[in-house]
Amino acid sequence: MLKQELIVIVRSLKPAKKSYVIDNLVTNAGHTILRLPPYHCVLNPIELAWVMVKEYVKRETNNYTIDDVQRLLNEAINRVTTENWMNFIKHTIEEENKLWQVDDIMEELIENLEPCVLTITGDKSDDESE
């Protein structure tokens, strides 16, 4: 199938877009919501923050009491700085750009492939009839 034909099929199978109250509030306030792919750690900078928080708690925990872990969790969250966030976002953008480059390469490779033509006839070859 051609890409255009596949796009038509995908669009027909795609579920209707959900509408959320918060989306309407944000849109009415003149903002746009950018939804990140769910569960895609490479494209979600929050995942880098969680790694930083979890590493701190793991490194600093001595006795694993709930009070100790909760205290360390709060400390770890407070240690995430604006500079950290800027680096997380920068890293995410770099990863996204890498994915776009791979996508462009794959698209070019696919478009440059020679069409494969298979001819099927009703005749049996000599090997098949023996």
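Student: What pattern does the protein chain follow when it is read along the sequence?

Tutor: In this predicted model, the protein chain reads α-α-α-α-α-α, and the count agrees with that, since there are six helices and zero strands.

Student: Why is Ile93 called partly exposed?

Tutor: Ile93, which is found in helix α5, has a relative accessible area of 44%. Buried would require under 20% and exposed over 50%, so Ile93, with its 44%, falls in between and is called partly exposed.

Student: What makes Ile93 eligible for a nonpolar patch on the surface?

Tutor: A patch residue needs over 30% relative accessible area and no salt bridge, and Ile is among the nonpolar side chains that are joined within 5 Å. The 44% of Ile93 is over that 30% cut-off, so the accessibility condition is met, and Ile93 is indeed listed in the patch together with Ile46, Trp50, Leu73, Ile77, Trp85 and Ile89. Together these residues have about 580 Å² of accessible area.

Student: Which elements give two or more residues to the nonpolar patch, and which gives the most?

Tutor: The elements are α3 (45–60), α4 (66–79) and α5 (82–112), and α5 gives the most, with three residues.

Student: How much of the protein chain counts as buried, and what cut-off decides that?

Tutor: Of its 130 residues, 13% count as buried, the cut-off being under 20% relative accessible area. The accessible surface of the protein chain comes to about 12,100 Å², with 59% of this belonging to carbon and sulfur atoms.

How values were computed. Residues are numbered from 1 along each chain as its sequence is written. This is a predicted model: local features need pLDDT of at least 70, side-chain atom pairs count only at pLDDT 80 or more; totals for chains, interfaces and linings use all residues. Side-chain values use heavy atoms; hydrogens and water are left out. Helices (H or I, at least four residues) and strands (E, at least two) are DSSP runs, numbered from the N terminus. Buried means under 20% relative accessible area, exposed over 50%, partly exposed in between (1.4 Å probe, protein chains only). Accessible areas come from the Shrake-Rupley method with a 1.4 Å probe; for residues, only the protein chains shown count as cover. Patches are made of residues with over 30% relative accessible area and no salt bridge: like charges are joined within 9 Å, nonpolar side chains (Val, Leu, Ile, Met, Phe, Trp, Tyr) within 5 Å. A salt bridge is a side-chain nitrogen of Lys or Arg within 4 Å of a carboxyl oxygen of Asp or Glu.
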